[in-house]
Amino acid sequence: MCGRYYVDGETAREVAHIVKNTGAQATKMRTGDIYPSHTAVVVNGSTAALKLEEMQWGFPQYKKKGLLINARAETALERKAFCASLLHRRCVIPAKHFYEWDPDKNKAIFYREGRPVVYMAGFYNCFSDQPRFMVLTTQANASVRPVHHRMPLILEEAELEDWVFDHHFMEYALSRTPPMLNREQEYEQQRLFL
């Protein structure tokens with residue numbers, strides 16, 4: 001699960017290098033912690049090339065309060081609420097790192113060593129003329145599993161266009177294991193008894 005992530009100036013500069021013709025949008029990227037319902041910049045393909053667009057994080061729940069912020073990669077194509085968006089409106093959410101919390105509510109930061117951006121796979125749709133995105137999650141790999149059983153579906157920098165435009169790559173990416181990540185955690189509960 002991904003319930004918060006972080007963007008800094010280095011993230012914005014790196015995204016501006018990758019997505020051409022961003023204009024001032026990359027320099028105006030919201031920085032700091034990004035929470036559900038916040039507006040953030042995502043990379044999408046609503047034109048023939050990758051572009052940056054501000055969107056709000058989370059789909060409104062049908063007949064309920066609150067937001068849906070994540071979708072399971074394993075079942076998103078089977079869900080009526082997500083299928084069309086995943087097939088036709090994929091996006092990439094750039095972050096410096098993302099957070100997960102362990103069962104004892106201790107926060108952990110996950111990032112890629114030596115890389116200024118973690119690229120999370122997602123999709124978007126419009127609700128009341130407001131574009132909104134969701135983060136795809138998958139089974140946690142060995143680097144995240146000690147903290148949480150889910151993690152964002154991570155893409156490599158060279159895969160951004162493939163994720164946004166290539167349906168065959170999308171199907172492949174939904175079922176693969178994400179790359180290993182580094183973890184920082186200020187406090188981790190030590191168990192004395194097993």
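1. Two strands are said to pair here if DSSP finds at least two bridges between them. In this predicted model, strand E9 (residues 97-101) and strand E10 (residues 107-111) are joined by four bridges and run antiparallel. Within that pairing, Tyr99 has Ile109 in E10 as its bridge partner. The two strands form a hairpin with five residues between them, in which Lys105 takes a positive phi near 65°.

2. On the pairing with strand E1 (residues 5-7), E9 is again antiparallel, here over two bridges, and Tyr6 stands opposite His97 in E9. As to its surroundings, E9 is mostly covered, since four of its five residues are buried.

3. Strand E12 (residues 130-139) deserves a point of its own, and it is likewise mostly covered, with eight of its 10 residues buried. With strand E11 (residues 118-127) E12 runs antiparallel, the two being joined by six bridges, and Phe123 stands opposite Met134 in E12. E11 and E12 form a hairpin with two residues between them, and Ser128 in the turn has a positive phi of about 50°.

4. The other antiparallel pairing given here for E12 is with strand E13 (residues 150-152), over three bridges, where Gln139 has Arg150 in E13 as its bridge partner. Parallel pairings should be checked as well: strand E4 (residues 51-57) pairs with E12 in the parallel sense over two bridges, and the bridge partner of Trp57 in E12 is Phe133. Strand E7 (residues 70-72) also pairs with E12 in the parallel sense, over three bridges, and Arg72 stands opposite Thr137 in E12.

5. Turning to the interior, the largest nonpolar core holds 56 residues, of which Tyr5, Phe98, Met120, Phe133, Leu136 and Trp163 touch the most other members. The element that gives the most to this core is E11, with six residues. Phe133, listed among those residues of the core, is also the residue of E12 that bridges to Trp57.

6. The largest pocket contains about 200 Å³ of space. Its lining is made up of Phe59, Pro60, Gln61, Tyr62, Leu68, Arg79, Ala81, Phe82, Asn125 and Phe127. Two or more of these lining residues come from each of strand E5 (59-60), helix H2 (80-88) and E11. Sorted by class, the lining comprises seven nonpolar, two polar and one charged residues. E11 thus appears in several of these points, as a contributor to the pocket lining, as the element that gives the most to the largest nonpolar core, and as the antiparallel neighbour joined to E12 by six bridges.

7. A last remark concerns Glu159, which is found in the loop between strand E14 (154-155) and helix H3 (160-165). Is Glu159 buried or exposed? Because its relative accessibility is 14%, and buried means under 20%, Glu159 counts as buried. Leaving aside residues up to four places away in sequence, Glu159 touches Phe169 and Arg176.

Methods
Residues numbered from 1 in each chain as written. Predicted model: local features only at pLDDT ≥ 70, side-chain atom pairs only at ≥ 80, totals over all residues. Heavy atoms only, no water. Buried < 20%, exposed > 50% of the residue type's maximum accessible area, 1.4 Å probe, protein only. Contact = heavy atoms within 4.5 Å. 1 Å grid on protein atoms, 1.4 Å probe; cavity = no way out; pocket = protein on both sides within 12 Å on 5 of 7 lines; lining within 4 Å. Points joined across faces, edges and corners; volume = space filled by probe spheres on them. Nonpolar A, V, L, I, M, F, W, Y, C, P; charged D, E, K, R; others polar. Core = buried A, V, L, I, M, F, W, Y, C linked by side-chain atoms within 4.5 Å.
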